[in-house]
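Please open the model in the viewer and keep the selection panel at hand. The stops below are best followed in order.

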Amino acid sequence: MCGLNHCPILENIGDLLPARRIIRGHIETETPPGVFVGTYGYPQVYAGPTAMFERDFWDYSSDKFGLSMEKIISIHSNIYRTGSKVNIRKVDERLKINLMESSSSVKPLEISFDGRMAQSEKVRESFFETPVGPLAFMENLKIQGNPKIPGRVDYFYNDPYEKASEAVWELFRSNMGISYIQNLLTAGVLGVKNERKMVPTRWAITATDDIIFKKLKSSIIRNPWVDSIEFYSRSFLGNAFQIFIFPGSFSFEMQERWNKGSLWGEGGVEMDYEGIEGRKNYASAIAGAYYAARLSVSQNLYGRGRQGKIIVMRSVGNEYYSPLGVWVIRRTVEEAMKQRPVKFSSRDELIREIRPIIPEGFTISKTMREMAVQRKLEDF
């Protein structure tokens, strides 16, 4: 990517990975559970259950927040992706059922298949999404065990008329984990029956965050404003966050800077923004991190019946030398919002007291500029 004949990032990560393990022949193992659907060549993609090198290595339903980078990479690298080449719109019925069961189970599930290691880089998804094991070509997939599927999921699978967005929201309200719901969306378990199809994993992650946020927002925008300026902060693995919530109608802004020594090296400030009317296009400057952070702050506002203007600043340091997935953003912001906020009575007081982790953050902020010129009814 950078033109060097070696990659220092991959060399650092490589020291933490287990020795290369060969995937060849008839394989009997477990899926964590989970599924992987690629994007390369869409709609012709590789799709299959994720699989474990070592069983009982880690409870993949457990929270990874607070673990070391080395431990998380070790956990991720025990997982590898399996894939058969499929057309998203015309999936073999047997494979479709197997993937649905693999994604719907809440406990590890016994699987078997005939596999061989993929050699071509063209069929691999970007390592920089999250460090997981290799892709294995997969044939003759069989589910050996019985999947443990929650009743609510079984209900939505058998309901031919429920829209995917409504099912996602109801499962979220039933305290189903977001990563679990993302798996269901990826495998095509949810939606109006004649319109169901698999969704590439990367897209399903953002889609799930976006669907839940929009449902939360429909209530948030009817709530009273926060009564003062609130400030929250939290860091995890070199990801430092500062969150500011101002009294006013809902808006969301995120600023992001990758500093010297971080995964992508030193760069400028990226920013995405939306007002109360919402976004009409993808937040391409910050991408999936934007949707993850937006969801976590919105959950807090929804839970306490408030709304406000939100600015999230993310500064990435040299501790973050490997990507781990947008769950890092979602969970770190969620933990920040659990803290007791520091409160300020005015923007001037905030600017005097708080040093932003992005030094020019207040100056370039679209939210701050709008508040400086926007007049309210009580001004008249």
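The tour goes from the whole chain to one sheet, then to a helix on that sheet, and finally to a strand elsewhere.

**Whole chain.** Begin with everything displayed, bearing in mind that this is a predicted model. Colouring by secondary structure should bring out 12 helices and 12 strands. Of the 380 residues in the protein chain, 51% are buried. The surface exposed by the chain comes to about 18,500 Å², with carbon and sulfur atoms supplying 48% of it. Among contacts between residues at least 6 apart in sequence, 75% link residues at least 24 apart.

**The six-stranded sheet.** Next, select β1, β5, β6, β4, β3 and β2, which is their order across an open sheet of mixed pairing. Which strands stand at the edges? They are β1 (24–31) and β2 (35–37); each has a single partner strand, so one side of each lacks a neighbour in the sheet. On average, and ignoring direction, neighbouring strands of this sheet are turned by 40 degrees against each other.

Within the sheet, display residues 79–87 and 135–143, that is β4 and β6, which run parallel and are joined by three bridges. Centre on Thr82 to find its bridge partner in β6, Ala136.

**Helix α3.** Now add residues 93–104, the 12 residues of α3. From first C-alpha to last, the helix reaches 16 Å, close to the 16 Å expected at 1.5 Å a residue. What caps its N-terminal end? Asp92 does, with a side-chain oxygen 3.1 Å from the backbone nitrogen of Arg94.

With the sheet still visible, α3 can be seen packing on it and touching β1, β2, β3 (44–52), β4, β5 (109–117) and β6. The direction of α3 makes about 95 degrees with that of β6. Show side chains along the helix: the buried residues include Leu95, Asn98, Leu99 and Met100, as well as Ser102, Ser103 and Ser104.

**Strand β9.** Finally, move to residues 251–258, where eight of the eight residues of β9 are buried. Ser251, Glu253, Gln255 and Arg257 point one way from the strand, while Phe252, Met254, Glu256 and Trp258 point the other way.

Add the two strands bridged to β9. Strand β11 (residues 309–316) runs parallel to β9 and is joined to it by eight bridges; in β11, Val316 is the bridge partner of Trp258. Strand β10 (residues 269–274) runs antiparallel to β9, with six bridges between them. Here Met254 has Asp272 of β10 as its bridge partner.

Definitions and conventions. Residues are numbered from 1 along each chain as its sequence is written. This is a predicted model: local features need pLDDT of at least 70, side-chain atom pairs count only at pLDDT 80 or more; totals for chains, interfaces and linings use all residues. Side-chain values use heavy atoms; hydrogens and water are left out. Helices (H or I, at least four residues) and strands (E, at least two) are DSSP runs, numbered from the N terminus. The expected span of a helix is 1.5 Å times one less than its number of residues. Buried means under 20% relative accessible area, exposed over 50%, partly exposed in between (1.4 Å probe, protein chains only). A polar contact is a pair of N or O atoms within 3.5 Å; within protein, one must be able to donate a hydrogen and the other to accept it, and residues adjacent in sequence count only if both atoms are side-chain atoms. Two strands pair if DSSP finds at least two bridges between them. Axes are lines fitted to C-alpha atoms, for helices over the stretch in contact, and angles run from 0 to 180 degrees between N-to-C directions. Contact means heavy atoms within 4.5 Å. Accessible areas come from the Shrake-Rupley method with a 1.4 Å probe; for residues, only the protein chains shown count as cover.
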